[in-house]
Amino acid sequence: MNNIKKFFFSNVRELSLILVIIFISIFVQFRSGGNFLTSENIRDLFTESAILAILSVGMMMVIITAGIDLSIGAVMALAGMIGTTLLKNNQALSPIIIILVAILVGTVCGMINGVLVSRLRILPIIATLGMMNVFRGITYIVSGGGWVLQNNMSQAFLGVATGSILGINNLVAIAILIYVIGYIFLNYTRTGRQIYAVGNSEESAMVSGIKTKKILWLSYTLMGAIAGLAGILYVCKFAAAQGETAVGYEMNVIAACVLGGVSISGGMGRVQGVLLGALMLGILNNAMPLINVSVFWQEAVRGLIILLSVISNAIIQRNVEVKALRRRNI
Amino acid sequence: MAEQVMKSDGTRIVASERGFSFKRFILQWEWMLVLMLVIVNIINISFSPNYANFTNVMNAMRDFLDKAIVVFPMAFVIMLGEIDISVASIMALSSVIMGVCFKSGIPMGTAIIIALLVGTACGFINGIILVKFKQLSSMIVTLATQIIFRGIASILLETNSVGGFPSWFNQFGWGKVGSVPIILIFCIVEGLFFAYLLHFTKFGRRTYAMGNSVTVSRFSGIKTDKIKLIIFTVTGLMSAVAAVFLASKMGSVRPDVAKGYELDIIAMVVLGGVSSAGGKGNILGTVLSILVIGLLRYGLGLINVQSQIIMVIVGALLIIAVAIPNLKSSIGRPEFLKSFIKKTPAKN
């Protein structure tokens, strides 16, 4: 009994998210006349949420260090644009090389953010806000204001988003891979645990011998690399790269993290929670058209659900803390 | 912090006890901004001969002053160590509601008042959520309300726009008293008011105190919740005022108006030396930074620099501006240079 209680209290966040997801699924299933929980729609749902989910892992690492990265939408656009411009000029390039180039571009962008935050001690929100403008501007300069469209992309490259491995769509497979790596990295490696330590208290972490600057820099660099990967996948999925690619996407990613229980003040957050948060947003995006919510209502409903879940989580957390204090019989 | 001077017994010396020092006066951030403003103007004058012309500068003001209206209250928000990214959405929502009211036959004056009330209500909602649920960060709450407010705006107008406002309404954006635009006069009055509020009233001193530490402020008897609520509500109200000016300037309202303004506004506040770590900054700095960013954009636009390159320049300027004070305080220390060359030796 005690173990069950312990499990419940340590996983309140994830369990309540699962409950909400189940509730929404049942509701939508009935309202849409059984069109929601079909294998085809669920496959669509996962494919649609894969990119958001991939980005959420990186954003989680940054938020755990008590930072934030507003530049990822711009990094995605830049990486996607440079990757596809290469492809446009040389159709024979293998998609693997394009993806690696995009990851490299993202990594460099992330490194710059990391140096600004860790070495120059600029507040993350300001540093990444400034770099967002810079990266977005560079994207326009690289593209000359133009688009790279489907007919400029090779079939092999476009196949990345539509193809599948072992019956799982490539995007979903990549997301699963990233989550497995992220889970192991954050829970079972020394560097991963140090990220949490830095987020809890940078000073204590430094005093206990953790190279805090390196950890901060590393988390932004990893975020950049992930944003580069996500950017090229995004461009591949929508078969178009332009200056406006993924404008405002960072807000979706932050929302997924917050839904998943990552604390903006740092030091808290779990990979499994973030996965559920990203899935939840994916389900909302997928379900609302199914139950005929008009396009114009979707934004407001999404915002309202984010707000309500954040507030309800605050209430749950408060009650859990009060109960935990009571159990100690002070 | 470089400017926190410690006495030998470990207590901090308050600014007023320190007396006047010429070195500290000259190293103030505001001089940096004045220097930037001078450089921007020199560049503008040398590249475009028609720039140094009173009428042109006045016209330039109209370009960016609608953002400036929100910059002042935002400075208070950031001084608290909070942030409000919903301001642009509040602008969109209140201007859309004004348009919808006008279209349904309500007189323009009443519609404007309704818009202002809507903005105030939006700001109040942000504030009340933050006050009631203290563990929520303002970033998250305003992120969610940002989506909601713009969502409501697009529910109301879908993809339509409303225009055809009465001609007196256009005077807000385009009208002039003599050769000074009305919006400039409004901004000066507003700036003076906020400067008075911040630097000469109890409210302002308490805002500074809360920016330093909310807990300490509460224990010393400041009604922290009330102040936070007031500041967010006023931010909402001023966003609605900015929305009225913007709608007047554009002649019509759409749900996607003012997209991305919040980032420009935050950039102006931060460049003005207001610290988002809380408790630092003044109104003079924000005024200077409004002029620096605004005139830079205008000048670059005059010589046909692409807007994308302007984006890069403004972004880089923001980062350099914020990095300089940090560099200044760390260059003096020997570890700083060493940290680039080799690993910092562990301190004992």
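**Reasoning from values to terms in a predicted two-chain model**

Modeller: Of the 348 residues that make up chain B, 45% count as buried, and I should say at once that this is a predicted model.

Colleague: What makes a residue count as buried rather than partly exposed?

Modeller: The test is a count of neighbours, since 20 or more other C-beta atoms must lie within 10 Å of the residue's own.

Colleague: Why, then, is Gly267(A) called partly exposed?

Modeller: Gly267(A) has 18 other C-beta atoms within 10 Å, and because a residue is buried at 20 or more and exposed at 12 or fewer, a count in between is termed partly exposed. Gly267(A) sits in the loop between α12 and α13 of chain A.

Colleague: Which residues does Gly267(A) touch, if those up to four places away in sequence are not counted?

Modeller: With those set aside, Gly267(A) touches Ile64(A), Tyr196(A), Gly199(A) and Asn200(A). Ser201(A), which is 66 residues apart from Gly267(A) in sequence, is 7.8 Å from it in space, C-alpha to C-alpha.

Colleague: Why are α3(A) and α11(A) called roughly antiparallel?

Modeller: Helix α3 (residues 39-64) and helix α11 (residues 212-238) of chain A pack at an angle of about 165°, with their axes 9 Å apart. Angles over 145 degrees count as roughly antiparallel, and the pair is therefore described in that way. Their crossing is left-handed.

Colleague: What classes of residue make up the contact of α3(A) with α11(A)?

Modeller: By class, that contact has 16 nonpolar, 2 polar and 1 charged residues. Among those meeting across it are Ile51(A), Ile54(A) and Leu55(A) in α3(A), and Leu222(A), Met223(A) and Lys237(A) in α11(A); Lys counts as charged.

Colleague: Which residues have the most contacts inside the largest nonpolar core?

Modeller: That core has 207 residues, and those with the most contacts inside it are Ile54(A), Leu78(A) and Met91(B), while α11(A) gives the most to this core, with 17 residues. Leaving aside neighbours within four places in sequence, Met91(B) is in contact with several residues, including Leu246(B), Val257(B) and Tyr261(B).

Colleague: How many residues of each chain are in contact with the other chain?

Modeller: Between the chains, 38 residues of chain A are in contact with 37 residues of chain B. The largest share of chain A's side, 14 residues, comes from α6(A), and by class that side has 28 nonpolar, 6 polar and 4 charged residues.

Note on methods: Residues are numbered from 1 along each chain as its sequence is written. Chains are lettered from A and ligands numbered from 1 in the order in which they are written. This is a predicted model: local features need pLDDT of at least 70, side-chain atom pairs count only at pLDDT 80 or more; totals for chains, interfaces and linings use all residues. Axes are lines fitted to C-alpha atoms, for helices over the stretch in contact, and angles run from 0 to 180 degrees between N-to-C directions. Helices (H or I, at least four residues) and strands (E, at least two) are DSSP runs, numbered from the N terminus. Angles under 35 degrees count as roughly parallel, over 145 as roughly antiparallel, 65 to 115 as roughly perpendicular and the rest as oblique. A crossing is left-handed if the near helix is turned anticlockwise from the far one by less than a right angle, and right-handed if clockwise. Two residues are in contact if their C-beta atoms, placed from the backbone, lie within 7 Å. A nonpolar core is a set of buried Ala, Val, Leu, Ile, Met, Phe, Trp, Tyr and Cys residues joined through C-beta atoms within 7 Å.
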